[in-house]
Structures are given as C-alpha cells and as structure tokens.
Amino acid sequence: MPIETFKASRWTKGNLFFPTYIEVSDKSVTRRKRTLFSTDEESMSITKVASVHIKTGLIWSNILIESSGGSDPIASHGHTKADAQRIKELIENAQVEFGRKPGME
C-alpha cells in the first residue's frame with residue numbers, strides 16, 4: 001500500500017502557517033506538525049491502533065487515533081470529512097491485511 005498524506009485546512013485553529021499532516025502507510029500512522037523552529041512528529045504502529053474516533057462538525061472533522069499500548073493518542077483537527085473517513089478506512093484495511101499475514105506480530 002502506498003503512503004497517503006492528508007493535509008489539514010489552513011482555515012482552522014493552529015494550522016494557518018504550518019498545517020498538520022497525517023500520513024498512513026501499511027505499517028504506521030504518522031502526524032507531523034511544524035512550527036517556526038521545529039517539527040513535532042508522532043507515529044503509531046498500525047498494530048497498536050485501538051480505535052479511530054472522528055468528530056464531524058459543519059465543515060471540518062477532528063480525528064483521534066487511540067493506542068492499545070497506553071501511549072498518548074494522535075489527535076488532529078481541520079481535515080475534510082472525506083479525508084477523515086479515508087484515514088479511518090486506510091487504517092482499518094491495513095489492520096485487516098496485517099491480520100491475514102501468517103506468522104506476523
């Protein structure tokens with residue numbers, strides 16, 4: 001599965017100059033947020049994702065990806081409804097594919 005990248009809208013709080021990016025691959029989910037002098041990156045293995053919670057507003061959606069390992073969840077706001085649904089779909093499909101592979105942990 002190729003890596004898909006989703007960019008939060010610049011019209012939402014905290015995303016004006018440096019929008020948040022979420023990348024989903026067959027191995028992990030990564031959230032990248034730049035600031036003027038640094039970059040904050042959170043990553044979680046697909047196998048450790050416990051749930052994906054999407055809260056949809058009038059225009060934008062908030063995404064909360066919770067871990068089964070007890071670490072902090074990955075949160076992002078300002079994504080379109082379609083992007084939020086696609087992120088959830090990619091994570092669920094990657095988990096199903098990972099479960100089908102014999103001998104994988």
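1. Strand 6, residues 60-67, has side chains that alternate between two faces in this predicted model. Ser61, Ile63, Ile65 and Ser67 point to one face and are buried. Trp60, Asn62, Leu64 and Glu66 point to the other face and are not buried. This pattern is a useful place to start, as several of the points below return to residues of strand 6.

2. On one side, strand 6 is paired with strand 5, residues 49-56, through 7 bridges. The two strands run antiparallel, and they form a hairpin with 3 residues between them. Within this pairing, Val52 stands opposite Ile65 of strand 6; Ile65 belongs to the buried face described above.

3. Strand 6 is also paired with strand 7, residues 74-80, and here 6 bridges join the antiparallel strands. Ile63, again from the buried face of strand 6, has Ser76 in strand 7 as its bridge partner. The hairpin formed by strand 6 and strand 7 has 6 residues between the strands. In that hairpin, Gly70 takes a positive phi near 85°.

4. Ser61 deserves separate comment. This residue lies in strand 6 and, at 0% relative accessibility, counts as buried. The side chain of Ser61 makes a polar contact with the side chain of Thr56, at 3.4 Å; Thr56 falls within strand 5, which spans residues 49-56. When neighbours within four places in sequence are left aside, the residues in contact with Ser61 are Ile54, Lys55, Thr56, Ser76, His77, Gly78, His79, Thr80, Lys81 and Ala84. One of these, Ser76, is also the bridge partner of Ile63.

5. How many salt bridges does a search of the whole structure find? The search finds 7. Among them is the pair of Arg86 and Glu4, whose closest N and O atoms are 2.6 Å apart. Arg86 lies in helix 1, residues 81-100, and Glu4 in strand 1, residues 4-7, so this salt bridge ties together parts that are 82 residues apart in sequence. Arg86 is partly exposed, with a relative accessible area of 29%. Glu4 is likewise partly exposed, with a relative accessible area of 23%.

6. A further salt bridge is formed by the side chains of Arg31 and Glu42, at 3.1 Å from N to O. This pair links distant parts of the chain, with Arg31 in strand 3, residues 28-34, and Glu42 in strand 4, residues 39-45, 11 residues apart. Is Arg31 buried or exposed? Arg31 counts as buried, because its relative accessibility is 13% and the limit for a buried residue is under 20%. Glu42, at 23% relative accessibility, counts as partly exposed.

7. The side chains of Glu41 and Arg32 also meet in a salt bridge, at 3.0 Å from N to O. Glu41 counts as partly exposed at 46% relative accessibility, and Arg32 counts as partly exposed at 28%. Salt bridges that share partners join Glu4, Arg86 and Glu89 into one network. The Arg86 and Glu4 pair of point 5 thus belongs to a network that includes Glu89.

Note on methods:
Residues numbered from 1 in each chain as written. Predicted model: local features only at pLDDT ≥ 70, side-chain atom pairs only at ≥ 80, totals over all residues. Heavy atoms only, no water. Buried < 20%, exposed > 50% of the residue type's maximum accessible area, 1.4 Å probe, protein only. Helix = DSSP H or I, 4+ residues; strand = E, 2+ residues; numbered from the N terminus. Pairing = 2+ DSSP bridges. Salt bridge = Lys/Arg side-chain N within 4 Å of Asp/Glu carboxyl O. Polar contact = N/O pair within 3.5 Å; in protein donor to acceptor, adjacent residues only side chain to side chain. Contact = heavy atoms within 4.5 Å.
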